[in-house]
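Let's walk through this structure together, going from one pair of strands out to the domains and then to the chains. Have the sequence and the 3D view open as you read.

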Amino acid sequence: MSWNRKHLLDIESLTADEIVTVLDTARAFKLVGERAIKKVPALRGKTVVNLFIEPSTRTRISFELAAQRLTADIVNFSADASSFKKGETLKDTARNLEALNADFIVIRHSTSGAPHFLSRVVNASIINAGDGAHEHPTQALLDAFTIREHKGKIAGLNVTILGDILYSRVARSNIWALTKLGAKVTLCGPSTLVPKTFEQMGCRVTHDVDEAIRDADIIHLLRIQHERQRKTMFPGIGEYTNLFGLNKARLAKTKPDALIMHPGPVNRGVEIDSEIADCERSLILEQVTNGLAVRMAVLFLLNGGKGPQEVA
Amino acid sequence: MPEPTVILNAPAIQRALTRIAHEIAERNESGAEVVLVGIPLMGDLLAFRLGKILSDIWKLPVPVGTLDVSMHRDDLDHRAAPTIHPTVMPFDVTGRTVVLVDDVFFTGRTTRAAMDALNDFGRPKHIQLAVLIDRGHRELPIRADFVGKNVPTAITEKVRVRLDIPNQPDEVVLEK
């Protein structure tokens with residue numbers, strides 16, 4: 001088990017072994033969060049910049065706390081307060097951050113590939129915290145971690161991802177991670193949001209929600225992204241909820257040990273009934289706890305230098 | 001590559017552990033205050049074995065924990081990220097005598113990291129160090145309290161401790 005990457009840009013280019021390395025490392029960091037003293041000195045003296053050019057609360061806070069628990073310094077840089085409004089380019093912004101000796105840049109951007117671009121123009125380690133509709137690797141890693149913790153494994157499980165797949169970087173990263181780890185992934189939602197082209201990523205596509213969740217071990221709900229939605233993708237929220245929303249009646253027809261996940265923020269009453277979101281089969285808040293552990297693990301692994309893993 | 005030299009075979013490892021256990025018992029009259037804390041990957045296996053022997057000597061259960069020290073290492077910038085193992089400390093260390101257990105005592109940096117890591121769990125009354133092999137080359141002012149075997153080595157050599165590997169006898173070997 002070894003890790004030699006400098007950046008975490010996507011899940012697509014990771015091997016199954018690398019994904020498992022992150023999950024195993026995160027297990028140890030989750031235990032750190034349960035101690036009285038929740039801080040370790042692994043990134044002492046390092047500087048992490050949260051470069052969020054698209055609004056985010058939970059991912060930003062999660063990275064912020066992860067960096068602090070590793071004893072790194074962290075600076076937040078957000079779109080509205082930034083020089084982007086004054087016309088500075090992404091490259092110039094990143095170079096300025098580097099001039100402040102940033103060791104890590106955690107970037108969220110509305111353009112796919114922005115983190116990859118940054119990794120070519122600066123020396124800092126780049127972590128993709130979501131780029132357009134492309135990928136959100138730490139979300140997929142925390143989801144895989146949560147599934148493995150509850151089911152003991154990932155290979156062979158039926159995972160159904162339900163909702164707005166087309167615009168979802170969470171879906172893409174999850175599909176990569178879960179299929180690499182041997183899960184059988186089913187995608188479901190309106191045909192406009194779940195085109196058949198996703199079958200090329202190695203998953204099954206269906207538009208019948210009851211059939212999609214019947215044999216599922218994990219039901220992974222995605223938020224309807226009002227901000228990315230064009231009005232023409234489906235007739236209305238009410239119709240979406242009727243046809244694809246997870247409610248008690250639908251849940252009653254699933255396997256009794258099927259678990260529910262959602263990356264948040266939840267639109268209660270749209271993609272999921274309010275009381276189901278809070279039921280004991282829901283892992284939504286655990287995903288948040290695990291997100292912190294996974295992000296600590298990612299920072300820790302990327303911090304490793306070159307050379308062999310073995311200590312002299 | 002020359003054949004590795006066997007430094008300790010399985011019975012010799014067991015004898016060394018029995019002797020260390022008696023030395024720990026001699027040093028610490030009240031067994032009730034002692035907890036063993038092993039450093040993965042091999043130190044925790046040795047700690048559990050020592051715990052068993054000590055429980056027989058003292059006629060009381062000796063608590064054993066596992067302490068991963070990777071997050072407290074001072075060489076994290078100079079190497080690929082180390083493999084981390086879960087830390088399990090099922091007891092309070094404050095006011096107790098903690099015997100750190102490791103397989104090979106070399107530069108002393110792992111022990112320093114372990115003492116730092118231990119700090120996050122409380123304030124032990126004493127910390128003692130038990131190692132199976134002391135190979136020398138200390139870089140820090142740290143010494144072991146209990147040593148299974150002193151083995152003079154060249155800095156380029158490697159000492160490997162193999163325990164609990166299926167279908168293989170326990171052994172300690174020196175690789176040139």
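Start in chain A, where strand E3 (residues 104-109) and strand E4 run parallel and are joined by five bridges. For pairing, DSSP has to find at least two bridges between two strands. To pick out one spot in this pairing, look at A:Ile107, whose bridge partner in E4(A) is A:Asn128. Between the two strands, the chain leaves E3(A), passes through helix H4 (residues 114-121) of chain A and arrives at E4(A), making a right-handed β-α-β crossover. Right-handed here says that, with the strands pointing away from the viewer, the path from the first strand over the helix to the second runs clockwise. The element names come from DSSP runs, numbered from the N terminus: helices are H or I with at least four residues, strands are E with at least two.

Before going on, a word on how to read all this. The model is predicted, so local features need pLDDT of at least 70 and side-chain atom pairs count only at pLDDT 80 or more, while totals for chains, interfaces and linings use all residues. Residues are numbered from 1 along each chain as its sequence is written, and chains are lettered from A and ligands numbered from 1 in the order in which they are written. On confidence, pLDDT is the predictor's per-residue score from 0 to 100; chain B has a mean of 95, with 99% of its residues at 70 or more. For the complex, the predictor gives an ipTM of 0.87 and a pTM of 0.92.

Back to E4(A), residues 125-131: how many of its residues are buried? Seven of seven, so the strand is mostly covered (buried: 20 or more other C-beta atoms within 10 Å of the residue's own, with C-beta atoms placed from the backbone).

Now zoom out to the domains. An automatic or database assignment splits chain A into domain 1 (16-135 + 289-303) and domain 2 (137-286). Their centres, taken over C-alpha atoms, are 26 Å apart. The contact between them takes 20 residues from domain 1 and 19 from domain 2, with contact set at C-beta atoms, placed from the backbone, within 7 Å. On the domain 1 side, H1, E4 and H11 of chain A each give two or more residues, and H11(A) has the largest share with six.

Finally, the chains meet through 23 residues of chain A and 18 of chain B. On the chain A side, helix H1 (16-32) and helix H11 (284-303) each supply at least two residues, and H1(A) gives the most, four.

Key: Buried ≥ 20, exposed ≤ 12 C-beta atoms within 10 Å, placed from the backbone. Contact = placed C-beta atoms within 7 Å.
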